[in-house]
Amino acid sequence: MPRRATKRGDERTPLDRDCDVLICGASFAGLAVARELAGSGAEVLMIDRYEIGERQTSACGIPTGWLEALGLTGALQQTFGELVIHTPHATVRYDLPWTFSTFDYRTLCGLLADQTDVEFETAKVIERRGDVVVTDRGELRAPLIVDGLGWRRVLGVGDNVQPPDALLSRGLEVHPFGGGSDLEVWIDRRYVPAGYGWSFPADGEVRIGVGSFDPHFHVKDPTIRLATDLNADTVRYQGNWIPHALRPATDDGIFFVGDSAGHCLPLTAEGIRTALYFGIACGRELRRVIAGEQSREQALARYHRFSADHASPFTWMLRVQRLIPRVAPRLLGPAVTAMGTKRFVDWSFGHYLDVAHPSFVAGAPARAVSVALA
Ligand SMILES: Cc1cc2nc3c(=O)[nH]c(=O)nc-3n(C[C@H](O)[C@H](O)[C@H](O)COP(=O)(O)OP(=O)(O)OC[C@H]3O[C@@H](n4cnc5c(N)ncnc54)[C@H](O)[C@@H]3O)c2cc1C
């Protein structure tokens with residue numbers, strides 16, 4: 001596919017055009033939509049303010065099955081069969097029923113982009129007026145428009161989502177050089193009253209961070225504290241807001257995918273596989289429109305329902321997210337230990353994977369959907 005580096009200065013030529021599908025945002029969500037449209041024959045334009053893979057947006061941890069299903073193991077850095085959970089009074093190892101891996105963001109985005117045949121341009125989206133997307137390089141028009149622009153929901157109706165009062169968490173991490181063999185999390189109020197800390201080793205660097213479910217609680221000092229406790233350098237910061245509630249997946253004729261639709265899971269703040277999963281679902285609906293098998297309105301309705309039908313696990317996880325900070329610290333250790341039996345871990349993590357299972361890539365039905373699509 002023709003891919004160009006982020007255009008700067010004089011290179012930022014005017015960009016004013018029509019296309020069949022306009023995908024705004026070239027991270028996990030946007031790239032997954034684009035992948036489903038490969039070979040459809042449609043004129044698909046994808047835009048992002050940065051070059052593809054230029055700005056890492058997460059700690060880049062994902063169930064390994066997703067890398068395998070999408071043919072992205074070339075980006076894999078480290079794989080973990082256990083999760084180590086630290087509480088103030090106990091450390092517990094969960095033997096996971098499936099493995100979790102860290103990956104390199106730039107490599108993964110490049111590999112995903114190679115599976116698409118979209119045209120890519122760097123442009124910053126400013127706003128939308130009907131089916132016109134206004135960018136800093138000009139106006140783009142398409143009958144099918146996807147917002148994969150992240151938590152701000154830039155193409156939504158009315159004002160963009162505004163922290164700190166929206167249903168958002170905040171996360172910040174440092175990326176020191178170093179190593180490790182464990183995937184670790186800390187549920188400990190010394191770092192954050194409601195949230196958790198993490199350390200994800202990734203082949204020569206470690207991603208150490210803190211996420212707060214309370215958007216008013218600042219996480220810079222806790223991140224520094226956790227990194228310092230781990231004898232790691234506090235360098236190469238990366239942080240962002242993280243949605244923790246589902247939002248309508250369509251509105252005013254626009255398809256929202258990934259963080260823009262609140263597809264990031266509450267409690268764990270895992271939003272990569274869900275961005276990929278809902279991106280695939282959205283891409284499949286768009287592809288049927290391009291093939292003349294359904295109208296744009298039908299695609300909007302079906303995708304909207306598909307996303308909304310996943311409300312149950314999102315609601316449950318939000319409840320647990322709100323419950324955990326209320327548990328007395330002295331009870332956390334025994335509770336986390338009690339939940340560490342092989343049987344319970346297999347059951348709970350099995351259901352957790354089912355929310356967005358990698359078998360969906362190959363066409364298996366969605367496992368967490370209660371109502372089958374007509
Ligand atoms: C510190 C931190 C660590 C995390 N770690 C993990 C993890 O390990 N595993 C996991 O599953 N999830 C993790 N998450 C959550 C995860 O990063 C998000 O859920 C995921 O990135 C959502 O993907 P997306 O494609 O919807 O949006 P994003 O990845 O945010 O991509 C949005 C894209 O839109 C572009 N964009 C935004 N605004 C504009 C604009 N106005 N014009 C043009 N382009 C624009 C951006 O450049 C970007 O490329 C983490 C989040 C944070 C903050």
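Asp-16, Asp-18 and Arg-141 are joined in a network of salt bridges, a salt bridge being a side-chain nitrogen of Lys or Arg within 4 Å of a carboxyl oxygen of Asp or Glu. The model is predicted, and local features need pLDDT of at least 70, side-chain atom pairs count only at pLDDT 80 or more, and totals for chains, interfaces and linings use all residues. Residues are numbered from 1 along each chain as its sequence is written, and side-chain values use heavy atoms, with hydrogens and water left out.

A search of the whole structure finds 22 salt bridges, and three of the pairs are set out below.

| Salt bridge | Closest N and O atoms | Relative accessible area |
|---|---|---|
| Glu-121 and Arg-137 | 3.1 Å | Glu-121 5%; Arg-137 6% |
| Asp-188 and Arg-190 | 2.7 Å | Asp-188 4%; Arg-190 55% |
| Arg-296 and Glu-297 | 3.2 Å | Arg-296 28%; Glu-297 48% |

Burial is judged by relative accessible area, with buried meaning under 20%, exposed over 50% and partly exposed in between (1.4 Å probe, protein chains only). On this scale Glu-121 is buried and Arg-137 is buried, whereas Asp-188 is buried and its partner Arg-190 is exposed. Arg-296 is partly exposed, and Glu-297 is partly exposed. The salt bridge of Glu-121 with Arg-137 links distant parts of the chain, 16 residues apart, with Glu-121 in strand 7 (residues 119-122) and Arg-137 in the loop between strand 9 (132-135) and strand 10 (138-141). Strands (E, at least two residues) and helices (H or I, at least four) are DSSP runs, numbered from the N terminus.

Strand 9 pairs on either hand with its sequence neighbours, where two strands pair if DSSP finds at least two bridges between them. Strand 8 (residues 125-129) and strand 9 pair in the antiparallel sense over four bridges, with Arg-129 opposite Val-132. Two residues lie between these strands in their hairpin, where Gly-130 takes a positive phi near 60°. Strand 9 and strand 10 also pair in the antiparallel sense over four bridges, Val-133 standing opposite Leu-140, and a hairpin of two residues joins them. Both faces of strand 9 are covered, with Val-132 and Val-134 buried on one side and Val-133 and Thr-135 buried on the other.An open sheet of six strands has the order 7-3-2-11-18-17, with mixed pairing. Strand 7 and strand 17 (250-251) stand at its edges, each with a single partner strand, so one side of each is left without a neighbour in the sheet. Within this sheet order, strand 2 (residues 21-24) and strand 11 (residues 144-147) pair in the parallel sense over four bridges, and Val-21 has Leu-144 as its bridge partner in strand 11.

Helix 1 (residues 28-36) is mostly covered, nine of its nine residues being buried, and among them are Phe-28, Leu-31, Arg-35 and Glu-36.

At the surface, Arg-49, Arg-55, Lys-124 and Arg-152 form a positive patch. Patches are made of residues with over 30% relative accessible area and no salt bridge, like charges being joined within 9 Å and nonpolar side chains (Val, Leu, Ile, Met, Phe, Trp, Tyr) within 5 Å. Arg-55 lies in the loop between strand 3 (44-48) and strand 4 (61-63), and Arg-55 is partly exposed, with a relative accessible area of 46%.

How values were computed. Areas by Shrake-Rupley, 256 points an atom, 1.4 Å probe, with all protein chains shown as cover. Lys, Arg positive; Asp, Glu negative; His and termini not counted. Charge placed at Lys NZ, Arg CZ, Asp CG, Glu CD.
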